[in-house]
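Reader: I have a new chain open here and no idea where to start. Can you walk me through it?

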Amino acid sequence: EYTNQIMSLLKEFNIRPVVLNHIIDQCQDQISQYYEEGKDPKSFVDEIVKDMELDSGGFMAQKMGSAGYSKVIKYL
């Protein structure tokens, strides 16, 4: 039940089912530890979201170039 709550919370971030199952499989020990300590499933999800750098759209955030990059691309 605890794992199902985590999965339902992660589904809000539009994570593909294959990736979701991989996360659950890889983090099973950590999930068990959180369950035994009585922590809320949302705290685990928050850590995963922070580690994977998910934004509200559900895609991993990618930082492209520097903020000061302002060259114009010209098509010939």
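Reader: Start with the contacts. What share of those with a separation of 6 or more comes from residues 24 or more positions apart?

Author: In the protein chain, 57% of the contacts with a separation of 6 or more are between residues 24 or more positions apart. A contact means heavy atoms within 4.5 Å.

Reader: And what am I looking at, in terms of where the model comes from?

Author: This is a predicted model, in which local features need pLDDT of at least 70 and side-chain atom pairs count only at pLDDT 80 or more, while totals for chains, interfaces and linings use all residues. Residues are numbered from 1 along each chain as its sequence is written, and side-chain values use heavy atoms, with hydrogens and water left out.

Reader: How many helices and strands are there?

Author: The protein chain has four helices and zero strands, so the order from the N terminus is α-α-α-α. Both kinds of element are DSSP runs numbered from the N terminus: helices are H or I with at least four residues, strands are E with at least two.

Reader: What percentage of the residues is buried?

Author: Of the 76 residues in the protein chain, 26% are buried. Buried means under 20% relative accessible area, exposed means over 50%, and partly exposed is in between, with a 1.4 Å probe and protein chains only.

Reader: Take H2. Which residues are buried there?

Author: Helix H2 covers residues 17-26, and Leu20, Ile23 and Ile24 are buried in it. They span an arc of only 95° around the axis, which puts them on the same side of H2. The arc is taken from the directions from the helix axis to the C-beta atoms.

Reader: Why would residues spaced like that share a side?

Author: An α-helix has 3.6 residues a turn, so residues three or four places apart point the same way.

Reader: What do the buried residues of H2 pack against?

Author: They pack against helix H1 (2-11), H3 and H4. The face of H2 turned away from the buried side carries the exposed residues Val18, Asp25 and Gln26.

Reader: And Asn21, where is that?

Author: Asn21 is in helix H2 too, and it is partly exposed at 40% relative accessible area. Its C-alpha atom is 8.6 Å from that of Met7, and the two residues are 14 apart along the chain.

Reader: Switching to H1. What does Thr3 touch?

Author: Thr3, which is in helix H1, touches Ile24, Gln28 and Ile31, leaving aside residues up to four places away in sequence. The C-alpha atoms of Thr3 and Pro41 are 8.0 Å apart, with their positions 38 residues apart along the chain.

Reader: At what angle do H3 and H4 pack?

Author: Helix H3 (residues 28-37) and helix H4 (residues 41-52) pack at about 145°, with their axes 10 Å apart. Axes are lines fitted to C-alpha atoms, for helices over the stretch in contact, and angles run from 0 to 180 degrees between N-to-C directions.

Reader: Which residues make that contact?

Author: H3 supplies Gln30, Ile31 and Tyr34, and H4 supplies Ser43, Phe44 and Glu47. The residues of this contact divide into three nonpolar, two polar and one charged. For that count, Ala, Val, Leu, Ile, Met, Phe, Trp, Tyr, Cys and Pro are nonpolar, Asp, Glu, Lys and Arg are charged, and the others, Gly among them, are polar.

Reader: How many salt bridges are there in the whole structure?

Author: The search finds two. A salt bridge is a side-chain nitrogen of Lys or Arg within 4 Å of a carboxyl oxygen of Asp or Glu. One joins Glu37 and Lys39, with the closest N and O atoms 3.3 Å apart. Glu37 is partly exposed at 44% relative accessible area, and Lys39 is partly exposed at 37%.

Reader: And what about Lys42 and Asp46?

Author: Their side chains meet in a salt bridge at 3.2 Å, N to O. Lys42 and Asp46 are four residues apart in helix H4, so about one helical turn separates them. Lys42 is partly exposed at 43% relative accessible area, and Asp46 is partly exposed at 40%.
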